[in-house]
Amino acid sequence: MEGNIFGKTKSDLDDSHSSSESSLQSWISWYCSLPGNEYYIEVPEEFIDDEFNLTGLSVLVPYYNQALETILDMECAEYFDDQTESEEQDDFLKENKKPKRMKPVDSRILEPYAFMLYGLIHQRYLLTRDGLRLMAERYAHTEFGTCPRYYCDESPVLPVGKFDQSGKESVHLYCPICLDIYNPPSSVHQSIDGAHFGTTYANLLFLTFPELIPQVSHQIYQPTIFGFRVSPLSLSGPQNQWLRAKPQQSNNNTVNDLSCKTENLHIDKFL
């Protein structure tokens with residue numbers, strides 16, 4: 001019969017082909033493709049296989065071994081040694097005793113710890129050269145959105161955290177022009193742990209790729225009433241406006257000014 005191959009229709013073959021493709025997707029790819037996880041990048045398994053890169057994480061993450069096996073798509077189960085044997089058993093038999101395997105840990109219990117472990121690994125990978133390069137490319141393509149401040153002229157932003165410890169605060173978006181952080185516009189992204197990005201990589205990125213530093217805008221909003229500026233001394237005035245002020249002098253002029261001030265201080269000291 002046409003459309004039937006070895007007792008299977010074409011639709012059955014298509015379904016089996018699609019299911020096999022989905023089964024070939026790694027856990028890391030699946031996690032980064034979840035709705036709301038667009039800020040993450042895929043950490044290579046070679047980085048995770050290196051135990052040096054995971055130093056100290058076993059103390060922070062419960063079910064560490066099982067969560068790591070889940071991330072690496074390994075068979076996840078918990079091991080234990082048989083405690084019922086006699087203490088007088090021969091040493092040779094004890095050395096050759098194989099650990100027995102318990103039932104796999106419930107995925108509903110293990111899943112949040114796997115997310116937590118991957119986030120902490122992700123924070124460390126962002127500090128590597130490859131991690132910084134990937135984030136720099138995504139920043140250059142404005143994949144994380146733009147700054148909501150008007151005078152930043154839709155400057156690209158980077159996801160950052162205020163803490164390196166997990167469970168303290170959600171992720172924020174950092175603007176390199178106004179040097180301030182903002183909440184993500186989508187509530188889905190506001191549920192991401194800020195520790196998965198950390199406090200270091202964004203500043204390290206601009207030190208590594210200085211060509212990505214945007215031109216600083218010197219425009220600051222001036223509140224007015226009937227055309228008259230509101231005094232900074234007023235309770236409703238722009239009291240903290242000076243925080244956004246940027247020096248317009250070149251680096252050479254700034255250095256010369258600092259050296260002149262230093263010389264004047266030394267002269268005044270002797271006078």
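Helices (H or I, at least four residues) and strands (E, at least two) are DSSP runs, numbered from the N terminus. This is a predicted model: local features need pLDDT of at least 70, side-chain atom pairs count only at pLDDT 80 or more, and totals for chains, interfaces and linings use all residues. Residues are numbered from 1 along each chain as its sequence is written, and side-chain values use heavy atoms, with hydrogens and water left out.

Start at strand 8, residues 224-225, which holds isoleucine 225. On the surface, Ile225 joins Phe226 and Phe228 in a nonpolar patch. Together the three have about 450 Å² of accessible area (Shrake-Rupley method, 1.4 Å probe, with only the protein chains shown as cover for residues). Patch members have over 30% relative accessible area and no salt bridge (a side-chain nitrogen of Lys or Arg within 4 Å of a carboxyl oxygen of Asp or Glu); nonpolar side chains (Val, Leu, Ile, Met, Phe, Trp, Tyr) are joined within 5 Å, like charges within 9 Å.

Now go inside. The largest nonpolar core has 52 residues. Such a core is a set of buried Ala, Val, Leu, Ile, Met, Phe, Trp, Tyr and Cys residues joined through side-chain atoms within 4.5 Å. Ile48, Leu117, Tyr118, Tyr201 and Leu205 touch the most other members. Several elements supply at least two residues each, including helix 3 (45-49), helix 8 (129-140), strand 6 (172-175) and helix 9 (201-208). Helix 7 gives the largest share, seven residues. Leucine 205 touches Leu132, Met135, Ala136, Leu158 and Leu212, not counting residues up to four places away in sequence. Contact here means heavy atoms within 4.5 Å.

Helix 7 also holds glutamine 123. Its relative accessible area is 16%, so glutamine 123 is buried (under 20%; exposed is over 50%, partly exposed in between; 1.4 Å probe, protein chains only). Leaving aside neighbours within four places in sequence, glutamine 123 contacts Asp164, Ala195, His196, Phe197 and Gly198.

Next, the cysteines. The structure holds zero disulfides (pairs of cysteine sulfur atoms within 2.5 Å). Why is there no bond between cysteine 152 and cysteine 175? The sulfur of cysteine 175 is the closest cysteine sulfur to that of cysteine 152, but at 3.7 Å it is too far for a bond. Cysteine 152 counts as buried because its relative accessibility is 2%. Cysteine 32 is buried too, at 12%.

One last residue sits by this site. Isoleucine 177 lies in the loop between strand 6 and strand 7 (180-182). Isoleucine 177 is buried, with a relative accessible area of 7%. Its C-alpha atom is 6.3 Å from that of cysteine 152, although the two are 25 residues apart along the chain.
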